[in-house]
Every structure is written in C-alpha cells, then in structure tokens.
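Q: Could you walk me through a structure before I set anything up? I'd like to start with the aromatic contacts and then move on to other things.

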Amino acid sequence: MCKKRIKIMVSKLVLDILNRDSKHFNIARERLCNEVLIIFSIKNVQGIAREELDEKVYLQFTLNQSSSEYYGVICKDIDDEPKFLRSIFTSYIHLNPFYRESTLFKDKLIVLKDYCIRKERIHISIGNSFEAVFIEEIKRCQLTDYIKLETSKGEFYMNELRIIY
C-alpha cells in the first residue's frame, strides 16, 4: 500500500504548536500529525468549528500505514475533507499543552500513575542513563504547562523518560 501525502491549508498557529510539541515530545512532526489525526478524529471533533485569523500556511505530512487505513475509513463519508482535517488540528492546538500531552501519551501516563499510586520503583531511561525511581508526584509544570514528574531522583518532564519496566 502506498503512503498518502496530506497537504492542507491551516493557521500558522497550528504549524507553530505542532513544531513546538514535536520538539518537546522529541518525536518527528510526521508521527505527531499521524497521532493527532487518529486520536482527535476519534474524539468526534467535527462539531467544533474554530477559524484562526492569522496567516494561513500549508501543513504537509505523510500518513503511516495504520493511519492510512484509518484515514480511508474516516474520510469516506466526509464531504469537505480539508475542512474536516483543519478542525482536527485546530481542536488539538486549542488544548492546553498538559491536555495535548496527556491525550497523546495516555498509555504512558497510565503506567506512570499506576507506579505512583502503588509506590513501587519503576525503571526508566533518561537520556543515556538508566534509573530505578519512585514517582512521588505527576503534575503540570507551572512554567511550560507540560507534564512533569517528581521522582526520587529529581524532576523530569514526562517526554524526557522512557519506561524500561
């Protein structure tokens, strides 16, 4: 199956936030766009219509295989595909960073919350080091609005760590 390339006109704010989140989450913008497409279309955002007033730019990304199959299903009954896609990305960017991150990385957050509640040690990778830590608190960073973890080895943004086991 060939990959489909998506190109839609969006508000510059959409592109700015996607680029910022991509950098913060340390994932490629392509992957972020695919995740947003799937997760936020599932949340039935068609009813939310927000038009941005700033400069319009093109958002381009290639659908990965699973997104491509999903895209075919969700768009088969859509009359105005670009408008539908714009509504998905506009809905995404109107969320606070904490909610964007907790929606996109829900599975990771569930695991971390579970270890926090059970007060069990979790093995994580942060950069090039491996640590066994206790998660003391999961909170919203007051400066950035992204998810921050207070652990027995210090504070880390959720995106900075990888769960080992």
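A: What follows is a short exchange on aromatic pairs, charges over rings, a strand pairing and a surface patch, in a model that is predicted.

Q: Okay, how many aromatic pairs does the structure hold?
A: The structure holds five aromatic pairs. One of them is formed by Phe-25 and Tyr-146, which meet edge-to-face with 5.8 Å centre to centre and 85 degrees between the planes.

Q: Which parts of the chain does that pair link?
A: The pair links distant parts of the chain, since Phe-25 belongs to helix H1 (residues 12-25) while Tyr-146 sits in the loop between strand E4 (129-140) and strand E5 (147-151), 121 residues apart.

Q: And are those two buried or exposed?
A: Phe-25 counts as buried because its relative accessibility is 5%, and Tyr-146 counts as buried because its relative accessibility is 4%, the cut-off for buried being under 20%.

Q: What about Phe-40 and Tyr-92, how are their rings arranged?
A: The ring centres of Phe-40 and Tyr-92 are 5.2 Å apart and the planes stand at 85 degrees, so this pair is edge-to-face. Phe-40 lies in helix H2 (residues 29-42) and Tyr-92 in helix H4 (residues 81-93), so the pair ties together parts that are 52 residues apart in sequence. Phe-40 is buried, with a relative accessible area of 3%, and Tyr-92 also counts as buried, at 0% relative accessibility.

Q: Which residues do ring pairs link into a cluster?
A: Ring pairs link Phe-25, Phe-105 and Tyr-146 into a cluster.

Q: Switching to charges, what lies over the face of Tyr-115, and what over that of Tyr-157?
A: Arg-118 lies over the face of Tyr-115, at 5.0 Å from the ring centre, and Lys-148 lies over the face of Tyr-157, at 4.7 Å from the ring centre.

Q: In which sense do E5 and E6 pair?
A: E5 and strand E6 (residues 154-157) pair in the antiparallel sense over four bridges, and a hairpin of two residues joins E5 to E6. Within this part of the chain, Glu-150 stands opposite Glu-155 in E6.

Q: Last topic, the surface: which residues make the nonpolar patch?
A: Phe-130, Ile-164 and Tyr-165 make a nonpolar surface patch of about 360 Å². Tyr-165 is found in the segment after strand E7 (161-163).

Q: Why does Tyr-165 count as exposed?
A: Tyr-165 counts as exposed because its relative accessible area is 55%, where the cut-off for exposed is over 50%.

How values were computed. Residues are numbered from 1 along each chain as its sequence is written. This is a predicted model: local features need pLDDT of at least 70, side-chain atom pairs count only at pLDDT 80 or more; totals for chains, interfaces and linings use all residues. Side-chain values use heavy atoms; hydrogens and water are left out. Patches are made of residues with over 30% relative accessible area and no salt bridge: like charges are joined within 9 Å, nonpolar side chains (Val, Leu, Ile, Met, Phe, Trp, Tyr) within 5 Å. Accessible areas come from the Shrake-Rupley method with a 1.4 Å probe; for residues, only the protein chains shown count as cover. A salt bridge is a side-chain nitrogen of Lys or Arg within 4 Å of a carboxyl oxygen of Asp or Glu. Buried means under 20% relative accessible area, exposed over 50%, partly exposed in between (1.4 Å probe, protein chains only). Rings of Phe, Tyr and Trp (its six-membered ring) pair if their centres lie within 6.5 Å; planes under 30 degrees apart count as stacked, over 60 as edge-to-face and the rest as tilted. A charge sits over a ring if NZ of Lys or CZ of Arg is within 6 Å of the ring centre and within 35 degrees of the ring normal. Two strands pair if DSSP finds at least two bridges between them.
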